[in-house]
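Dear colleague,

I am handing over the structure below, together with notes on what was found in it. Please read the notes alongside the coordinates.

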Amino acid sequence: MNEFCVELRDVVKRFPTPEGSEVFAVDHVTMQIKNGEFFSMLGPSGCGKTTSLRMVAGFEWPTVGEVYIEGEAMGRRPPYLRPVNTVFQSYALFPHMSVAENVAYGLEMEKTPKYEIKRRVGEILEMVKLSGMERRKPRQLSGGQQQRVALARALVKHPKVLLLDEPLGALDLKLRKEMQLELKALQQEVGITFVYVTHDQEEALTMSDRIAVMDHGRVLQIGAPVEIYERPNSRFVADFIGETNFLSGEARAIEEDRVTVYIPSLKDELVGAKAAPVNVGDQVVVSMRPEKIRLASDRALPQNCFSGIVLNTAYIGSDTRVIVDLGGAPLAVWEQNKISTLDPEAYYAPGEQVWVVVLPENALVLQDV
Amino acid sequence: MLRKLREDRSFQGAVLISPTLLFMIGLLIIPLLLTLVISFGSRAPDGTVIYGFSFDNYVRLSGVRTECDNGKSLCLDPIYIQILSRSLSLAFNTTVLAILMAYPLAYFIARAPARKRNTFLFLILVPMWTNFIIRVYAWMMLLRTQGVINSVIGWLAGLVGLHFTPFEMLYTQGAVLVGMVYEFLPFMILPIYTSLEKIELSLYEASADLGARPFRTFLRMTLPLSIPGVVAGTILVFVPVMGTFIVSDLLGGRQIVLVGNLIQNQFLIARDPTFGSAASLMLMTLTLIVTYFYTRKFGFGEEIVTA
C-alpha cells in the first residue's frame, strides 16, 4: 500500500479569462495526504482550495503537474474512473430520485447486485441516522438531512478518498458544530481518508489531523492544527487562523531563536520568538494572540512590558475582551474571567492605565510581507 | 373601495383577474357555447343557420350514412375519419421531428457559456419577426418544381452533364410536414432549453463522480430532468398543428386536407356553419383527449423543484 493516499506534485491550474488572459487558480501546489488522514485545505475564497479538490475528483485537469491517488498518476482520467467520491457544497442531490435511489445510484453504476445494494444502502442510511427516510425526495428533507444523504451517497461506494467541498457551509451555526463532531467521528469509524475544503478556520482546527493553509493559489503552510495556530510561518497564516495583533518593526538582534525587534510606535524594543527566517535589519511583524497577552497594573517585567490605556471593554462571559491603546494603535487582549465576582473593580474599565506584558515565546516574529 | 382593495385579499385577486376573465368570457366562452348551439342546427339553403336540436352533423362526421350509392340503408363513408387521422398523424410526426431537432439544439444552447446563450436564443426568434404566411410562401419558393432547390440541383446536374427531372416536392405530405416543423420548432426549443438550463451543473458532476459514464448521466439525469420541457413543448406544438390550415393549404394544396382545412372550407366555401361548428368541436375534444392522456402519463410540465 502506498504511504500517500493523495498526492499533488507541483500542480498548476490556469484558467483563461474572458478578456483573453489567464489566471492562476492553483500555483505550484505540492501536498501529500496520508492514508486515513483528515486533511483540510483552508483559505479565503479564491485561494485555490476548491480547484485543488476538483483536480483530485477529476472535474478539472492540471495545466502542469500531476495528481496521484494511491500512487497512481491520474492524468486526464475522468471522474467516473477515479476511486474517489465527492460531497458537494450544494449537495447536488438528484431531485427526481428518492433518498434511497440517490444513495443506490453509485452502486448501480458499479453493477452491484440488487440485494447487495439494498443491504448497503440500509446500512449507510443507518450510519448517518436517516433510517425511515428512504422514500422521501430531497426537497422534503431539512438542510442537515440533505447533507447526510450527500454524505451517505458518497460513502456507500467505499471510496479510497472522500472529498468534501465546504459541506457544512449551508447549515446554521448550531447544526454545523454538531455535524463537525459527527463528521470527525464518522471518519474515524470508516477509516477513509477525508480531504476537506473549508474557509472556516475553526472548523478546520476542530476536525483536521493536518491543515494546508492556502492563499492566492499557493500553499503557505501544512501542519497539525496546533502547529498552524501556535507556530504560523507567515503573516497571512497568523492573521487568517484565529485572531492576532500585529506590531511592525525592525529586527535589531538575533540570538538563537530570540529576536529583538525595535517597534517605532512604542519607541521601545520587544523580544520575540523567531517563527520564520529573519535577518538583522529586516522589516518584521510581531504576532501576538490576544489570549496570550497579560495586563498588569504595574510594570511586572523589565522588558516586553509596555504602558497603555484601556479604550474599551466587552464582557462576553468566559472572557473580558479589552482593547488597549498601545502607542496609538489598538491592541486586543482577552482576559479570562477566572474569578466569579460582581465587583466592578475586578474588571478593567475604559480610561484605566495598564501595563501590557507579553512573554517572548508568545510574540512571534515573522517576515513583513 | 380603496380601503377594501388594500385589505381584502380575495378582492385584490378578483380585481387582478377581472380584465382577462371578462375578455375570456366574452371572446372564448360565449363564442364556444354559440358554436355548440350552432352545431346542433341545420343549414338553410341560403347558408344561414336553422336552430334546432339534431345530431345530424355529428353523425355525418362519423361517416355513417343512411343514403348509400349501392342501395343499402346503412354504410360508412370514412372521408372525415381519414382527414382526422391524417391530422393526428401529421401532428404526431411534426411533434416527434420537432423534439428530435429541438433537443440537441436546446442542449447545445443550455451548455454554451452564459453570455452566448442570449445570442443563440435571439437567433432562434429572428424568423418570428417575419409574418407566418410569408414564411410559408418562402417554403413554396424553395419547394416548387421551378423553385430554388430544384434549380440548384438542376444546375449542378447540368454541370456534370446529367439529365435532371425536377422533384415534385410541393403539394405533398412531406412539404406540409417540413412546413409545420419549421413553423413550430421554436415552440419546442424554448421550453426544452428552459428545463435543461435549470439543471445544475453539479448534478452532472455528482453523477460522474458516482461512476456514471456520460451516456448514463444523460439517461438518468439530463433526460428525466428535462421531461417537463419536452411535455410543455409537445403541447405547444401538437395542439396548434392539429388546427392550423394555412400551412397545409399553401404547401399541401388541395391534396392534403386536414381538419383545419375542413373547418375552414365548411365556413367559407360550403357555407355550412353547422357542420363546421361540429367539426371544430370534435377537433377540440380530440385535442383535449390526446393532451389529457399525454399529460396524465408525463405530468403537466411542472418543474421538479431542485432542493
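Is the crossing of α8(B) and α10(B) right-handed or left-handed? The crossing of these two helices is right-handed, the near helix being turned clockwise from the far one by less than a right angle, whereas an anticlockwise turn would make it left-handed.

Before the details, please note that this is a predicted model, in which local features need pLDDT of at least 70 and side-chain atom pairs count only at pLDDT 80 or more, while totals for chains, interfaces and linings use all residues. Residues are numbered from 1 along each chain as its sequence is written, chains are lettered from A and ligands numbered from 1 in the order in which they are written, and side-chain values use heavy atoms, with hydrogens and water left out.

Helices within chain B

Helix α8 (residues 173-198) and helix α10 (residues 214-243) of chain B pack at an angle of about 150 degrees, with their axes 8 Å apart; axes are lines fitted to C-alpha atoms over the stretch in contact, and angles run from 0 to 180 degrees between N-to-C directions. α8(B) and α10(B) are therefore roughly antiparallel, a term used for angles over 145 degrees. Among the residues that meet (contact means heavy atoms within 4.5 Å) are F184(B) and F187(B) from α8(B), and L225(B) and V230(B) from α10(B). By class, this contact has 14 nonpolar, six polar and no charged residues.

On α10(B), V230(B) and T234(B) also belong to the contact with α13(B), whose residues divide into twelve nonpolar, five polar and no charged. The axes of α10(B) and helix α13 (residues 273-298) of chain B come within 11 Å and cross at roughly 170 degrees, so α10(B) and α13(B) are roughly antiparallel to each other.

Helix α2 (residues 9-39) of chain B packs against α13(B) at an angle of about 120 degrees, with the axes 7 Å apart, and α2(B) and α13(B) are therefore oblique to each other. The crossing of α2(B) with α13(B) is left-handed. L32(B) and L36(B) of α2(B), and L281(B) and M284(B) of α13(B), are among the residues that make this contact.

Between the chains

In the interface, 27 residues of chain A are in contact with 23 residues of chain B. The area buried between them (accessible area, 1.4 Å probe, lost on being put together and summed over both) is about 2300 Å², of which carbon and sulfur atoms give 61%. Two salt bridges are counted between chain A and chain B, a salt bridge being a side-chain nitrogen of Lys or Arg within 4 Å of a carboxyl oxygen of Asp or Glu. One of them joins R220(B) to E108(A), with the closest N and O atoms 2.6 Å apart.

Conventions: Helix = DSSP H or I, 4+ residues; strand = E, 2+ residues; numbered from the N terminus. Parallel < 35°, antiparallel > 145°, perpendicular 65-115°, else oblique. Nonpolar A, V, L, I, M, F, W, Y, C, P; charged D, E, K, R; others polar. Buried area = accessible area lost by both parts, 1.4 Å probe.
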